[in-house]
Amino acid sequence: MKFVIVLAFALFAVAAARPNEVQIVRLDSDVGVEKFNYALETSDGTKKQEDGQLKNIGTEQEAIVVHGSYSFVADDGVTYTVTYVADENGFQPSGAHLPVAPAA
């Protein structure tokens, strides 16, 4: 149930943050007890997709693993894309425009 509330709030926040002339052109979602996925596309070229699944269900190590991506057209006309994983190791984004930490 928490996932449904968080998902609804996130979609509302995305819609509210954009000017009124931007329209949602595609919204697909499937929310279950142990997994979810959704995809959103707006008329300004913004795209977001995400899927998550519980792992180690019923144990002390129960956690959700989320894979996703989002892209948007910036003011400079370039489309930027970020892919990410969010799990017990935190949020791990990657994208051609993002800096990369030096190897340890």
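A polar contact is a pair of N or O atoms within 3.5 Å, where one can donate a hydrogen and the other can accept it. Keep that in mind as we walk through this predicted model.

Start with the sheet. Strands of a sheet pair through backbone hydrogen bonds, either parallel or antiparallel. Here, six strands make up an open sheet, and their pairing is antiparallel. Read across, the order is 1-2-3-4-5-6. Strand 1 (24-31) and strand 6 (90-94) are the edge strands, and each pairs on one side only. From one strand to the next, the twist averages 10 degrees.

Now look at one edge. Strand 1 runs antiparallel to strand 2 (residues 35-42), and seven bridges join the two. Find Asp28 there: Ala39 in strand 2 stands opposite Asp28.

Move on to strand 3 (residues 47-55), where Lys48 lies. Which side chain makes a polar contact with the side chain of Lys48? The partner is Tyr84, at 2.4 Å. That distance counts as a polar contact because the cut-off is 3.5 Å. Leaving out residues up to four places away in sequence, Lys48 touches Tyr38, Ala39, Leu40, Ser69, Tyr70 and Tyr84. Ala39 is the residue that stands opposite Asp28.

Finish in a loop. Between strand 4 (63-73) and strand 5 (79-87) sits Asp76. What does the side chain of Asp76 reach? One target is the backbone nitrogen of Val78, at 3.0 Å. The side chain of Asp76 also joins the side chain of Tyr80 through a polar contact of 2.7 Å.

Note on methods: Residues are numbered from 1 along each chain as its sequence is written. This is a predicted model: local features need pLDDT of at least 70, side-chain atom pairs count only at pLDDT 80 or more; totals for chains, interfaces and linings use all residues. Side-chain values use heavy atoms; hydrogens and water are left out. Helices (H or I, at least four residues) and strands (E, at least two) are DSSP runs, numbered from the N terminus. Contact means heavy atoms within 4.5 Å. Two strands pair if DSSP finds at least two bridges between them. Axes are lines fitted to C-alpha atoms, for helices over the stretch in contact, and angles run from 0 to 180 degrees between N-to-C directions.
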